[in-house]
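Hi everyone, thanks for coming. I'd like to walk you through one structure today, so please have it open in front of you.

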Amino acid sequence: MAHHRNRRVILKTRATGLPVPELFDMVEDDAPEPGDGEVLINNIYVSADPGMKGWISTAKNYASVETGATMNSFGVGVVVESRNPDIAEGDYIVGRTGWQEYSIVAPEQGGFRKVDPADGPLSASLGVLGHSAITAYFGLLDVGRPNAGETVLVSTAAGSVGSAVGQFANIKGCRTVGIAGGPEKAALCREVFGYDVAIDYKATDDLAAALQEACPEGIDVYYDNVGGDTLDTVLGLMNQNGRVVICGTAATEAWVPPPTGLRFERHVLVNRLRIQGFILFDYQDRYEDALADIRQWFKEGKLNYREDIAEGLENAPAALAGLYEGRNRGRQLIRVRPDPTLS
Ligand SMILES: NC(=O)c1ccc[n+]([C@@H]2O[C@H](COP(=O)([O-])OP(=O)(O)OC[C@H]3O[C@@H](n4cnc5c(N)ncnc54)[C@H](OP(=O)(O)O)[C@@H]3O)[C@@H](O)[C@H]2O)c1
């Protein structure tokens, strides 16, 4: 059995605010051996996700990472050792790899799936053909339930999840309005992701007025990736029977002490709003259903996407920190080793 040294990024200290590189450390030891049914993969790309702020926080979270443990993440890698009869050396696998060079994965683990490079670039299997798009798919279609002709508003609209939400809503015949940070991202929303209107929230001192102008018939579905003041503003503009998908809370730096805001229950009552939280992991059994549609739309040229790929595991913590400053342009990934499908 080949012997592999494994460089990995561990969580050194839990965060009380935004993730900074100093919270992490790089260590090197031997890669573990796969057990029965498991495979060892050599990771090619791993992800940096805004949700990681919660995973490494001192506050309890649905996916907490222990101090001293390898930082959790999604990733795609090539099988270098298989003890599973259905998986061969050289297969490409997506799973919860963590920020490391080698990972043990197995089909029973959440999010495990084989990837066919013929479907699209390997990196896309973590974004527009994977995690981000699956999030957008279930969040929008299962929770938001838009009808053709309705207005769908999306925050972080130029991001990996947001850009997919906008395009799925367009495919479903909705009017789409995006909120994004900066003129470049707003232009991307309109010109590449097909939003009917895009608002640069950083250039707007009256978001309510900008939204009223952008949504003359009100808002039927708000796909919320930021929470905070933006959510407060949008809630006052929702149409009767509107639906609010709470998918992310990027605008809130820390939950201790609890942030305060408007009391919006009157709007919720009078307008019969439904506000529903959403966590992708609840949909693990249905990922393939989503991917069947997503792959089809991708093949038909209906899905545009952007990726921002940092070089080398050592740059993963900085790439993560950049998400909270809006520095990323599309799906934030880290290239762990050269992509063999590109050579
Ligand atoms: N619930 C789930 O299961 C689930 C699963 C996956 C992702 N998500 C959520 O989906 C959202 C998007 O994720 P993604 O991977 O596609 O990331 P992304 O949108 O590609 O990148 C994150 C973006 O968040 C925005 N942002 C950062 N700090 C902000 C702040 N203080 N206020 C407002 N916006 C801020 C920035 O965009 P701007 O430059 O436009 O501000 C940044 O580019 C995140 O909130 C994430 O937590 C949820």
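Let me begin with a word I'll use a lot: a residue is buried if 20 or more other C-beta atoms lie within 10 Å of its own, and exposed if 12 or fewer do. And please keep in mind that what you see is a predicted model.

Let's try that rule on Ala133, which you'll find in helix H2. Is Ala133 buried or exposed? Ala133 has 30 C-beta neighbours inside 10 Å, so it counts as buried. One of the residues around there comes from far along the chain: Ile294 is 161 residues away from Ala133 in sequence, yet their C-alpha atoms are 7.5 Å apart in space.

Now to the sheet. Six strands make up an open sheet with parallel pairing, and the order is E10-E9-E8-E11-E12-E13. Which strands stand at the edges? They are E10, residues 197-200, and E13, residues 274-277; each has a single partner strand, so one side of each has no neighbour in the sheet. From one strand to the next, the twist averages 15 degrees.

Let's zoom in on strand E8, residues 151-155. How many of its residues are buried? The count is 5 of 5, so to speak of E8 as mostly covered is fair. As a general reminder, side chains in a regular strand alternate between the two faces of the sheet. Here, Thr151, Leu153 and Ser155 point one way from E8, while Val152 and Val154 point the other way, and all of them are buried.

What about the partners of E8? On one hand there is E9, residues 175-180, joined to E8 by 5 bridges, with the two strands running parallel. Within that pairing, Leu153 has Val177 as its bridge partner, and Val154 stands opposite Gly178. E8 also pairs with E11, residues 219-224, again in the parallel sense, over 3 bridges. There Leu153 stands opposite Tyr222.

How does the chain get from E8 to E9? Between E8 and E9 the chain passes through helix H3, residues 160-171, in a β-α-β crossover that is right-handed. In the loop between E8 and H3 you'll meet Thr156. Thr156 has a phi near 45 degrees, a positive value in a residue other than glycine. Thr156 is buried, because 27 other C-beta atoms lie within 10 Å.

For contrast, have a look at Asn241 in strand E12, residues 238-246. Asn241 is not a glycine, and its phi is positive at about 65 degrees. With 10 C-beta neighbours inside 10 Å, though, Asn241 counts as exposed.

Last stop, the ligand. Which residues are closest to the ligand? Of the 27 residues that surround it, the closest are Gly159, Ser160, Gly181, Gly248 and Gly326. Two helices, H2 (131-144) and H3, are the elements that give two or more residues to this shell, and H3 provides the largest share, with 3 residues. By type, the shell divides into 13 nonpolar, 12 polar and 2 charged residues. Domain 1 (5-127 + 305-342) and domain 2 (131-281) each supply at least three residues to the shell.

So, if you take one path home with you, follow the chain from E8 through H3 to E9, and remember that H3 gives the largest share of the shell around the ligand. Thanks for listening!

Methods. Residues are numbered from 1 along each chain as its sequence is written. This is a predicted model: local features need pLDDT of at least 70, side-chain atom pairs count only at pLDDT 80 or more; totals for chains, interfaces and linings use all residues. Helices (H or I, at least four residues) and strands (E, at least two) are DSSP runs, numbered from the N terminus. Two strands pair if DSSP finds at least two bridges between them. A crossover is right-handed if, with the strands pointing away from the viewer, the path from the first strand over the helix to the second runs clockwise. A residue is near a molecule or strand if its C-beta atom, placed from the backbone, lies within 6 Å of it. Ala, Val, Leu, Ile, Met, Phe, Trp, Tyr, Cys and Pro count as nonpolar, Asp, Glu, Lys and Arg as charged, and the others, Gly among them, as polar. Domain bounds come from an automatic or database domain assignment. Axes are lines fitted to C-alpha atoms, for helices over the stretch in contact, and angles run from 0 to 180 degrees between N-to-C directions.
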